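Biologist: Please take a close look at one part of this model for me, namely the pocket, and then follow the thread out to the side-chain contacts. I'd like one connected story rather than a list.

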Amino acid sequence: MPVIRQYFQSAPASRDYHHAYAGGLLVHTMECVTTAGLLAKHIHLSQSESELCEVGALCHDLGKISMIATSTPHGDHRRKTLELLDVPLRTLILEDPKLGRGLETILNQIAYTKGFPNFLATQLVIQADRFSTASARDRRLDDVQLPGSTPPSVSAVMSVIESNTSPSN
């Protein structure tokens, strides 16, 4: 476990996409845990369901540690997460079947579901992950660009809206 902690605290979350600096994986993961918990509370999930979302967010990228430790290029870290947590997850299922099966469902749906997962906790973890990723990349309106165009300023967009909604039109 100390090796996992060492990599978890020092690894980037990605090579050049988001949180791409030493310790970025820890920062990203904690943002996901916080956001998943807040989302769960906002929609009035029970305490145990909120905690399940937080645990799912905490575990969702652990496979990246295995890939870094073995110098494996980033590939499908989601499936590596399941491999890394196989024994601990089996133990958790025996000790606390509801939490264990819930976490297993979240991680399996993240790894294998194409489209929209049918488990609400999985959806919240995925949204927390996306939020953390987007906020780290600092994508703002002025950053959005269509191919071959320059990004519009907010004032330019407002001018177009105002000119098309004035009483003379």
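Modeller: Let's agree on the word first: a pocket here is an open set of grid points where a 1.4 Å probe fits, with protein on both sides within 12 Å along at least five of seven lines. Keep in mind that this is a predicted model.

With that in hand, the largest pocket holds about 520 Å³ of space. Its lining is made up of 25 residues, and those nearest the centre are His77, Arg78, Ile126, Asp129 and Arg130. As for elements, α5 (77-84), α7 and α8 each give two or more residues to that lining. The top contributor is α8, with seven residues.

Let's start from Arg78, one of the residues nearest the pocket centre. Its side chain forms a salt bridge with that of Asp76, at 3.2 Å from N to O. How exposed are the two partners? Arg78 has a relative accessible area of 34%, so call it partly exposed. Asp76 falls into the partly exposed class too, at 28%.

That pair belongs to a wider set, since searching the whole structure turns up eight salt bridges. As a general matter, side chains of opposite charge can pair when their charged atoms come close.

From here we can move to α7, one of the elements lining the pocket. Glu104 sits in helix α7 (residues 97-112) while Arg90 sits in α6, so this pair ties together parts 14 residues apart in sequence. The bridge between Glu104 and Arg90 spans 3.0 Å, N to O. Glu104 is on the buried side of the cut-off, which is 20%, because its relative accessibility is 13%. Arg90, by contrast, comes out as partly exposed at 38%.

Arg90 has another partner as well: its side chain meets Asp86 in a salt bridge of 3.5 Å, N to O. Those two are four residues apart in helix α6 (residues 86-95), which means about one helical turn separates them. Asp86 is partly exposed, with 36% relative accessibility. Put it all together and you get a salt-bridge network linking Asp86, Arg90, Arg101 and Glu104.

Now back to α8, the element that gives the most to the pocket lining. Ser132 is found in this helix, which covers residues 120-137. With a relative accessible area of just 1%, Ser132 is buried. What does its side chain touch? It makes a polar contact with the side chain of His28, at 2.8 Å. Setting aside neighbours within four places in sequence, Ser132 has His19, His28, Glu31 and Cys32 as contacts.

Cys32 brings us to the last stop. It is buried, with 0% relative accessibility, and Cys53 is likewise buried at 0%. A disulfide, in general, is a covalent bond between the sulfur atoms of two cysteines. How many does the whole structure hold? The search finds zero.

Terms used: Residues are numbered from 1 along each chain as its sequence is written. This is a predicted model: local features need pLDDT of at least 70, side-chain atom pairs count only at pLDDT 80 or more; totals for chains, interfaces and linings use all residues. Side-chain values use heavy atoms; hydrogens and water are left out. A salt bridge is a side-chain nitrogen of Lys or Arg within 4 Å of a carboxyl oxygen of Asp or Glu. Buried means under 20% relative accessible area, exposed over 50%, partly exposed in between (1.4 Å probe, protein chains only). A disulfide is a pair of cysteine sulfur atoms within 2.5 Å. A polar contact is a pair of N or O atoms within 3.5 Å; within protein, one must be able to donate a hydrogen and the other to accept it, and residues adjacent in sequence count only if both atoms are side-chain atoms. Contact means heavy atoms within 4.5 Å. On a 1 Å grid over the protein atoms alone, a cavity is a set of points where a 1.4 Å probe fits but cannot get out, and a pocket is an open set with protein on both sides within 12 Å along at least five of seven lines; lining residues have an atom within 4 Å of a point. Grid points are joined across faces, edges and corners, and a volume is the space filled by probe spheres set on the points.
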